[in-house]
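Notebook open, model loaded. I wanted a quick tour of the fold and then a look at some charged side chains.

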Amino acid sequence: MPTGRAVLLLRRLSTGDNKLKNLNFNQSTSKESIIAHPVCTHRDLALPKRFSTFGHSNLPTPPLCRNLSDISKMTSSSVESKPVENFKHTNCLISEKSPYLLQHAHNPVQWYPWCQEAIDKAKTENKLIFLSIGYSTCHWCHVMEKESFENEDVAKIMNEHFVNIKVDREERPDIDRVYMLFVLATTGSGGWPMSVFLTPDLRPVTGGTYFPPEDRWGRPGFKTILLSLAKKWKENQTQFLEAGTNILDALQKLSIVDGECSSSMPGEATWDKCVQRYMSSYEPEFGGFGMAPKFPQASIFNFLFHYYARDKSHPEGKKCLDMCLYTLTKIAKGGIHDHVSSGFARYSVDNDWHVPHFEKMLYDQGQLLVAYTDAYLATKDVFYAEIVRDIIKYVNRDLRHESGGYYSAEDADSYPTTGATHKKEGAFCVWEYDELKSIIGDKKLNDIPYVDIFTDYFSVEEDGNISPASDPHGELTNKNVLIIYGSKEETAKKFGLSVDQFNQVISECIDILYQVRQKRPRPHLDSKMLCSWNGLMIAGLAQAGQGLAEKDYVEDAIKTAQFIKNHLYDQSTNTLLHSCYKADDGAVAQTEKPIKGFLDDYAYLIKGLLDLYEASLDLSWLNWARELQQTQDKLFWDPDNGGYFTCSAEDNTVVLRLKEDQDGAEPSGNSVACHNLQRLAAYADKSAAPEGGDHEREMAKQLLLAFSKRLTDSPTALPEMMSALMFYNDSPTQVLISGGCSDPRTLELVRVVRSRLLPGRVLAVSDPTAESPAGMSDILLTRIRSAGDVPTAYVCRRYACSLPVTDVKQLENLLDEAPAQIPPPKGK
């Protein structure tokens with residue numbers, strides 16, 4: 001979390017030190033209160049943030065939202081919505097497209113989306129704004145809605161004394177980041193639901209996360225907070241406004257303190273330090289880095305695999321590989337992996353990867369595709385390839401729009417039975433022992449009941465296998481979450497079976513359980529489709545297609561890239577949109593005023609397109625990536641200090657313009673962009689671009705310098721960027737092939753490249769027989785030539801290229817030899 005003198009000032013201002021007494025609603029971080037006061041959180045929320053600011057002579061003016069008179073003309077896009085006349089209450093959110101906002105459209109609270117109408121109302125009526133931020137699959141967002149926002153008495157207080165604004169954090173990450181930074185700095189922790197009180201000019205004065213409806217656990221309840229703030233606003237309005245101004249000033253000063261960049265590039269000592277810290281935090285029994293709750297942070301795997309692949313003979317590199325493989329194996333065997341319906345939950349609440357927070361997020365699936373593909377490339381162990389196929393089966397079956405886009409998430413909560421009135425976390429996924437015994441039935445192999453084999457392998461217990469410590473609210477009593485502590489071989493040996501017989505039993509049981517599960521009420525599906533997360537899926541599918549030699553996965557990636565081009569891209573301005581939605585009729589819908597793309601949308605998509613070029617050898621994807629990079633540079637680049645802002649300067653609906661410097665559940669857009677810039681530099685054609693990639697390399701350098709202090713002081717905060725730093729130091733491993741793209745000899749050379757784990761790999765294929773498509777510039781390196789009619793490959797490392805080779809074995813030898821450790825040339 002943010003630290004330093006400015007944070008101390010922020011905490012004093014937020015608590016009203018000498019002013020606004022008793023406004024501190026800081027939630028305790030003791031073990032007792034963590035259990036009693038949970039939130040939906042990401043691993044990175046407690047870690048430092050850096051941000052920069054921009055000034056406005058006037059504070060932002062968000063777009064108008066529709067008023068209630070328009071509501072009857074609108075049709076909700078949520079598949080879970082019911083006709084308006086079935087509900088007692090309807091508010092302004094009914095005209096929105098976000099599934100999260102639509103979940104609150106029938107609360108008695110008079111919610112508004114983030115819009116000018118709401119802000120004007122706060123100013124006209126002279127009221128504080130209550131800003132509530134969450135997302136549709138957030139369990140504790142549902143809890144606070146049930147306890148407070150559906151409560152008529154609480155809603156009456158909210159409507160009388162506040163203007164209430166609801167924001168989907170996935171739809172507006174820019175707004176979420178600003179106020180989360182404030183909550184982190186002033187309370188020491190963060191999460192969702194996030195609850196922040198603002199002055200009418202959008203300056204935060206106090207806030208927190210989840211609040212219970214009544215006073216409990218030694219903290220004030222939500223009603224008490226509302227009434228206290230309403231009273232103090234009337235009595236001390238000037239002090240509120242003054243505190244809000246000082247708080248915003250303090251946040252702006254934090255950016256000046258943290259914004260100083262170094263003039264020297266971090267080097268080997270920095271990434272070695274990062275490795276040492278991961279080794280010291282590594283949990284050897286079940287893998288992962290740190291103790292519960294455990295998140296599968298894919299950026300860590302990317303960094304450690306890269307460190308290993310730089311020099312496969314290095315002892316610490318081998319340890320990095322071992323940590324990755326062991327952790328990925330334990331995650332795949334754990335309850336965080338859905339052994340029945342495939343895919344991965346967001347995190348586990350315990351140390352064993354056993355009891356998950358059951359929601360499934362698209363961004364995890366996309367990133368874990370890359371991690372398990374890398375594990376397969378490093379080992380050729382089919383176990384990891386099976387997990388890759390498992391993830392793709394899940395996303396294509398349950399998260400895909402027919403046009404090729406992927407939905408955001410599936411909820412943790414669902415109704416335990418048809419006709420139930422209250423949802424429970426994990427209800428769709430968990431099993432009771434007697435239930436398993438009943439549905440598997442009397443099936444036997446060699447007189448051994450299937451159910452005995454199944455329950456032994458998946459550690460099922462008659463009274464449930466979930467510890468009370470992992471179920472503080474008692475929703476999972478007598479339930480089982482399937483987890484594998486042993487191995488196929490161990491269970492097969494125990495029952496006297498061959499591995500093939502064992503696999504047959506488990507496969508039949510899984511099929512039975514899957515069919516039973518499909519009859520249960522399904523969790524809510526967030527049918528919002530985000531450009532950024534779809535970019536991660538393109539990258540995952542493209543890399544999986546290459547690593548596993550599965551053409552269908554590459555076709556899936558192509559279909560998703562085309563979906564983005566059709567629905568989230570404005571060709572006239574070469575700009576991206578952030579989100580689109582599934583309409584009631586199944587078509588792709590858009591908001592009246594579409595949300596413009598953020599840095600992550602560009603960076604993630606560009607990464608996906610670069611991977612897609614290498615997977616498909618279709619130059620059009622590489623060209624589009626270069627065009628989008630130019631737009632990204634115009635919209636987000638900081639010409640003064642280097643690095644990218646998370647939102648455009650054109651977007652005046654937020655009071656602070658931030659730079660994200662944390663690779664957490666999702667990688668920082670800056671980290672991904674740093675990789676992209678270096679890959680694009682390697683593709684630059686000296687004949688077409690006089691600078692020959694120097695421009696992109698220089699931008700990557702400036703970005704790394706901007707974050708050099710962060711990389712040096714807190715190396716594990718930015719593992720993805722640390723990988724980019726190694727990439728910059730080493731230069732890319734360029735594999736340049738000249739030959740016809742349909743020539744089997746060319747494709748065999750390409751296969752050799754794709755089948756290896758290569759650090760900083762850039763693959764380019766120049767087809768001398770192909771005509772460049774109309775309007776496309778040839779941006780591939782033109783210095784490579786084939787040896788007559790024979791496809792030819794060059795391997796270039798550290799700005800030096802090998803002699804041309806035409807033989808597959810020669811290429812294998814070139815790729816497998818350790819590169820000489822030579823420092824990069826000056827100026828590079």
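My entries follow, from the whole chain down to single residues.

**Whole chain**

I started by noting that this is a predicted model. I then looked up the secondary structure and got 29 helices and 23 strands in the protein chain. Next came burial: of the 828 residues, 62% count as buried. For the surface I noted about 31,500 Å² exposed by the protein chain, with carbon and sulfur atoms supplying 50% of it. I also checked how far apart in sequence the contacting residues sit. Among contacts with a separation of 6 or more, 72% are between residues 24 or more positions apart.

**The β4–β5 hairpin**

I went to strand β4 (residues 194–198) and found that it pairs with β5 in the antiparallel sense, over 4 bridges. One bridge I looked up by residue: leucine 198 has proline 204 in β5 as its partner. The two strands, β4 and β5, make a hairpin with 5 residues between them. In that turn I spotted leucine 202 with a positive phi of about 75°.

How many of the residues of strand β5 are buried? I counted through residues 204–208 and found 5 of the 5 buried, so β5 is largely enclosed by the rest of the structure.

I also looked at the charged pair here. The side chains of aspartate 201 and arginine 203 meet in a salt bridge, 3.1 Å from N to O. Aspartate 201 is partly exposed because its relative accessible area is 23%, and the cut-off for buried is under 20%. Arginine 203, at 15% relative accessibility, counts as buried.

**Around α28**

Aspartate 743 turned up twice. Its side chain meets that of arginine 745 in a salt bridge of 2.8 Å, N to O. At the start of α28, a side-chain oxygen of aspartate 743 also reaches to within 2.8 Å of the backbone nitrogen of arginine 745. Buried or partly exposed, I asked of aspartate 743? At 17% relative accessibility, aspartate 743 counts as buried, while arginine 745 counts as partly exposed at 44%.

Then I listed what is buried in α28 itself: Thr746, Leu749, Val750, Val752, Val753 and Arg754.

Past the helix, I picked up another salt bridge, between the side chains of arginine 756 and aspartate 816, at 2.8 Å, N to O. This pair links distant parts of the chain, 60 residues apart. Arginine 756 lies in the loop between α28 (744–754) and β21 (761–766), and aspartate 816 belongs to helix α29 (residues 808–816). I checked the arginine's cover too: arginine 756 is buried, with a relative accessible area of 18%.

**Salt bridges overall**

Which residues are joined into one network by salt bridges that share partners? I wrote down Lys607, Asp611, Glu614, Arg679 and Arg761. A search of the whole structure finds 43 salt bridges.

**Glutamate 696**

Last stop was glutamate 696, which is found in helix α25 (residues 694–706). I looked up its exposure: glutamate 696 is buried because its relative accessible area is 8%, below the 20% cut-off. What does glutamate 696 touch, not counting residues up to four places away in sequence? I noted Arg626, Leu677, Leu680 and Ala681.

Definitions and conventions. Residues numbered from 1 in each chain as written. Predicted model: local features only at pLDDT ≥ 70, side-chain atom pairs only at ≥ 80, totals over all residues. Heavy atoms only, no water. Buried < 20%, exposed > 50% of the residue type's maximum accessible area, 1.4 Å probe, protein only. Contact = heavy atoms within 4.5 Å. Areas by Shrake-Rupley, 256 points an atom, 1.4 Å probe, with all protein chains shown as cover. Salt bridge = Lys/Arg side-chain N within 4 Å of Asp/Glu carboxyl O. Pairing = 2+ DSSP bridges. Polar contact = N/O pair within 3.5 Å; in protein donor to acceptor, adjacent residues only side chain to side chain.
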